[in-house]
Structure formats: C-alpha cells, structure tokens
Amino acid sequence: MKSIGLDTSGKMIVKGPQKASGVLTVSGSKNAVLPIMGASLLTDEDVELKNVPDLADVRTMIEILESSGKKIDRIEDRLIIKSSGYINSEIPYEPVRKMRASFNVYGPLTLRKGFAKVALPGGCSIGARPVDFHLDGLRRLGIESTIEHGFVTSKLTDIMGSINISLPFPSVGATEHVLTTACLLEGVKTTITNCAIEPEVTDLVNFLNRMGAKIFGAGSSILKIEGVKKLSGISYNIIPDRIEAGTYIILGKLAGENLTIKNVSADHLNSLFSIFENIGSPILYDDIKREVTVTKANFDILKNISMETSPFPGFPTDLQPQITTFLSLVPGRSTITETVFKSRFYHIDELNRMGAKIRVEDNTAIIEGVNKLSGAPVEATDLRAAAALLIAGLVAEGETVITNVDHIFRGYENIHEKLENVGIDLVYLK
Ligand code: UD1
C-alpha cells in the first residue's frame, strides 16, 4: 500500500536543530483553486483567478483544462482562462492518477458536451478514496455513468423539477462536484444535505454565485441550487491556504523565534488554535494585519492531549501528520484519532525512525512524548507526510534526508525558498 506514492523523486537534506525567524507569507489555497479552475469549464467567457499558488497540482489542472479546450496564461499569481472555441470531454489516466481532484471536471464536461470519459481515480497513499458519492449524486442529476477499463463514461439524460441529494458523509470533493454540476441544470432545483462546509467549498460557492449561479446556504450543511442556463466570466481572488498556514504555525511552535506568518485567516483555523490553547501554548492572532507571530513553545510545561480529526470545523486531517510531529515532543501520552482517512498513518514509521515513540491502534495514533528527535534517512509517502517529516528534521538533532520529497510541491508553494528566507538551511536535490 505504501508504495503507491506518486511523484517519487527529489530529496531534502536538513541538519537540525534550526531556528526559523522572520516573515513567511501564506499563498492562495490549493484546495480552493482546484475546484474553482474545474468550474471555469462551465463558461466560455474569460475567467481571471488571482492569488493562485504555483503548485504541481495547479499545473496538473492547467494541463487538464488545456486538453479540454481552454487557453491559459499565467502572469505572476494570476491565471487567465479563456475558451479556444472547442470542448474535449475525454480526460486520460495520467492527470487523474497524479491528482484526484482532476475527477471533478467529469460532471461539468458532461453538461457542456453531453458526454464525458474520465479516468477513474485509483488508490492513494493516504487510504482508499472512492468516488461513489460523486457518481450517486450525479446520477440523481441525470448523469448516468458506466465504469469500464478504468474509465467512467457518462450519458446525460433529461431531468426536471426538484432533486434531493443527501451525502452519506460530508465529502469535500463530492459536495463540490455535485454542486458545481447542479448550477448549470436549467429548470432543476437541487438540495444537497450533509454537505462539507470546509472554507474551500464556500470559496467555490462564492465564485460560482459571482459567475451568476444561484446557490443558497453558503457555509451551511444544506445547499440549495437553482440551475441557470448560462454562467459568465469573472475575476476572482482565491482565499489563503489554511493548511499551509497551519503547517507554518506548527513549525513556528517547534522551531520559531518571532516567526511571523502573514495572510492567515484565523476563522479557518479555530480548531488548531484551540489545540494549542488546550496544551498550554496559545497562538496570538493580529486580526487587523491577519498574521500570527510564533515562537518555540516551552515543551517542559506543555500538557498532553487527546484529539481527533474530523470534517470542518473539526481538526483537519491535512494537519494530522504535522501535529503528530509536534505531539511526539510533548511530555506524556497524547492520542490522535483519524476519522476522515482512517489509515493515514504512513508517516508514523518514519517519525519512529527519528526517535518518536508512536504506535497505531485501529485509527488512533498513541504518542508517548520524547524529549528529542534525531536525524535519520526517511521517506515521504504523501504531501502532508512530507511536510511532517520536514518539520521533524528541522528540530531533530543531526542530519535528516527525506526522499520522495517532491510530494511537498503539490501543496506548498516554493517551500524551500520560503524556509530559506526565514533562516532555515536546507538542501533540495531534484
Ligand atoms: C479533500 C481535500 C483533501 C482533504 C480531504 C478531507 C481537495 C483537493 N482535497 O479531498 O486535501 O484531505 O478533502 O478534508 O480538496 N469518500 C467516499 N466516497 C466518495 C468520496 C469520499 O467514501 O465518493 C470518503 C473518503 O474515502 C474519505 C472521506 O469520504 O474517507 C472524505 O473524503 P473527501 O472529503 O471526499 O476528500 P477529498 O475531496 O478527496
């Protein structure tokens, strides 16, 4: 299972312990921009996106949109997405293999073309990630799917009236896929219940409404959508990346010396702020400057904690590996139960190789705090595991060599340069 990792290359070498001091600025949100880029397929007019991070996943989505008939220019942090007058609705395996979010073009392409053929996303190194909720929801919207030879092929049937879709779990991807598709079903009123309420879903809703969609209930677990005939082009600013911000805050609590993190939306990170409050090292947020300044916590006085990941507003699964690194140094026994991706624990063996004392029972990591980590060769199995190992390497004594580190560029824009700017000495080898 562990060997299914993608983008298996690149090495980072860090010698710890190190201090991070200065200013780090958080980029635009990966998980917000990807579905928004996919939703640009709903219009032939120009869409301008601002605050777009330069990430491997964004480049993969650019590739998909270009193969679907869009022309895209990147000017610094802006993307200008134009139509080239044709739509191709067949997406091959390669981009979907690299990035599961690619699958969310399936519904929009079916509506635009009447038919689509998109590779089915496979397994991945954080656990099983099926698309059954997506396909069930789309079927209710009149999109019949057939799975054959690893591809899903759609046929659009006529539907009218009111449709109720209740998601079995508040899946981020399924909520986004179904709501985006429902926007362009003229004459159809869709109600989706048990929706994901992650800030990235709300950003997508705001984007679509600005394009002329009629979606009601932004930020709540019930969304009502009145399908419209046409959506228009717009210019839109993407929200900051809360997972990048959270990762740098955790890094600051481990190795910061007045490390200022700018472009932070505290509303999106309440669960992380509460954890630090509860363990005895609160985070001070400047809501005018939208920034936090973090210094290494005093580990001698920290309290252990039992916590779990859960859908927003709960603690994000995408920060679980990074907070595990932190808790591995907190005195006493802490536990983290993973309720979103129940087997997302591949980073634990690697942290243990660095001297952490963690064992996994079912979907819970039981962490016995140690007083130091030691550098070791380790392997990153996915994007957030790579981040967890990098911050572990910064505080561990001696040299840590992280292989397969390129996963990190899927979610952290210029991370090596950003860290170098706050005084971190690291070597990246392609
Ligand atoms: C998105 C995020 C990812 C984050 C995750 C959970 C993007 C691009 N990625 O992934 O970074 O870790 O939300 O916050 O936004 N499930 C099913 N059937 C489905 C869909 C999901 O069983 O059809 C299950 C999954 O296996 C998982 C859970 O639902 O156990 C949550 O997954 P989901 O919220 O869909 O995650 P993604 O949208 O893939």
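The following questions and answers concern a predicted model and treat its ligand site, one helix and one glycine.

Visitor: Which helix gives the most residues to the shell around the ligand, and how many does that helix give?
Guide: Two helices, α5 (132-140) and α6 (172-183), each supply at least two residues of this shell. Of the residues around the ligand, 19 in number, those that come nearest include Asp132 and Ser171. The helix that gives the most is α5, and its share is three residues.

Visitor: How much of the area that the ligand exposes when taken alone is buried by the protein?
Guide: Polar atoms approach the ligand from several residues: a side-chain N or O atom of aspartate 132 is 2.6 Å from a ligand nitrogen atom, while a backbone N or O atom of valine 172 lies 2.8 Å from a ligand oxygen atom. Taken alone the ligand exposes 750 Å², and of that area the protein buries 86%.

Visitor: Why is helix α10 described as largely enclosed by the rest of the structure?
Guide: Helix α10 spans residues 320-327, and its buried residues include Gln320, Ile323 and Phe326. Buried here means under 20% relative accessible area. The helix is largely enclosed because the number of its residues that are buried is eight of the eight.

Visitor: Is glycine 22 buried, partly exposed or exposed?
Guide: Glycine 22 lies in strand β2 (residues 20-25) and touches Glu257, Asn258, Leu259, Thr260 and Val422, leaving aside residues up to four places away in sequence. Partial exposure lies between the cut-offs of 20% and 50%. Because its relative accessibility is 26%, glycine 22 counts as partly exposed.

Conventions: Residues numbered from 1 in each chain as written. Predicted model: local features only at pLDDT ≥ 70, side-chain atom pairs only at ≥ 80, totals over all residues. Heavy atoms only, no water. Helix = DSSP H or I, 4+ residues; strand = E, 2+ residues; numbered from the N terminus. Buried < 20%, exposed > 50% of the residue type's maximum accessible area, 1.4 Å probe, protein only. Contact = heavy atoms within 4.5 Å. Near = heavy atom within 4 Å. Polar contact = N/O pair within 3.5 Å; in protein donor to acceptor, adjacent residues only side chain to side chain. Areas by Shrake-Rupley, 256 points an atom, 1.4 Å probe, with all protein chains shown as cover.
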